[in-house]
Amino acid sequence: MIAFGKSTALTIGLAMWVAPAICAAQDLTPRAYFPAPEKSNLVILTYAFSDGELVFDATLPITDATGTIHTPVVSVYHAFGLFGRSANVTGSLPFAVGELRGNVAGEDRTAIRRGLADTQVRLAVNIVGGPALSVAEFGKTPLPRAILGASIKVVAPTGQYDPARLINIGANRWGFKPEFGYTGRTGRFVIDAFAGIWLFTANESFGVSEANPLGATRTQDPIGAFEFHVSYDVKPRLWLSSDINYWRGGRTSVNGVEGSNTLFANSRLGITGSLPLTRRQSLKVSYSDGVIVRIGGNFKVLSVGWQYGWIGTQWR
């Protein structure tokens, strides 16, 4: 086990929350399993602003910890048929600028980081209620009343990471989230219920220093993640959603020694709205805040995304 002094306690704690604040278990994404016509494409430009408090293990001498994170994200979406079912793949490349502040044993400390965050790729397929359809077929077919889908999200360690720094944007590990999702429609109301689990590989270059030139191995237990959404169609492509999630697990260990009080048991509540601008363009706006924060980031998150869509190669 590596021993760290009080002067590094803040950086250890903050390193645990930068990556989760950007992505990880805090997903709140309504209508994630809605089918689309084959060969549908989207380019999505999103800006997210996160601001709030950091809640630490009570044994650490850290008080008044806060953070502000700006995250622009470029995403590309493509829908296709997979064994006769509607499927899609989305790739996202985030960039993050974060300023984290706190008081360690009476001494104020600040850390600023900017750079690429970890790349995310999500593959989803509708198992029930979402056959693969061409544009012409899709326009003539009513949306299914019930959809059962499955997905796998992969977070690749492409983000900025310096093993000599304990505050990093990238997590220096792989993350995988298999998930099942149910979507049901009743009149203009749509109900979503998703259940998944985050699995992580080890970060084998954690906390490198002069005293510990080889660093340590940091591992994290799986995190169960659940989402529930109720949305209402005002008119085609214009809808509003109330969102809530809950995730539990994720105890962390360094060199096999489990950290004290590192269990996540958190929940977020939010709202999401989609507004069509033109036939090919729309805006998605979301806001969320922590309602249960046992340990981690009690962040307020405001996100605005611009989407441009087209079918096949006819992008103009």
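This section describes two arginines with positive phi, a nonpolar surface patch and an open sheet in a predicted model.

Positive phi values occur at two arginine positions. At R31, phi is near 60 degrees, a positive value in a residue other than glycine. The residue R31 lies in the loop that links α1 (9-22) with β1 (40-55). With a relative accessible area of 11%, R31 is buried, because values under 20% define that class. For R237, phi is near 70 degrees, again positive in a residue other than glycine. This arginine, R237, belongs to the loop between β11 (223-235) and β12 (238-249). The relative accessibility of R237 is 39%, and R237 therefore counts as partly exposed.

On the surface, I191, F228, I244, L269, V291 and I292 together make a nonpolar patch of about 490 Å². Among these residues, I292 is located in strand β16, which spans residues 281-292. The relative accessible area of I292 is 43%, so I292 is classed as partly exposed.

Four strands form an open sheet in the order β9-β10-β13-β14, and their pairing is antiparallel. The edge positions are taken by β9 (203-206) and β14 (257-258); each has a single partner strand, so one side of each is left without a neighbour in the sheet. Strand β9 is joined by two bridges to β10 (residues 216-220), and the two strands run antiparallel. Within this pairing, N203 stands opposite R218 of β10. In general, the strands of a sheet pair through backbone hydrogen bonds, in either a parallel or an antiparallel manner.

Notes. Residues numbered from 1 in each chain as written. Predicted model: local features only at pLDDT ≥ 70, side-chain atom pairs only at ≥ 80, totals over all residues. Heavy atoms only, no water. Buried < 20%, exposed > 50% of the residue type's maximum accessible area, 1.4 Å probe, protein only. Patch = residues over 30% accessible without salt bridge, like charges linked within 9 Å, V, L, I, M, F, W, Y side chains within 5 Å. Areas by Shrake-Rupley, 256 points an atom, 1.4 Å probe, with all protein chains shown as cover. Salt bridge = Lys/Arg side-chain N within 4 Å of Asp/Glu carboxyl O. Pairing = 2+ DSSP bridges.
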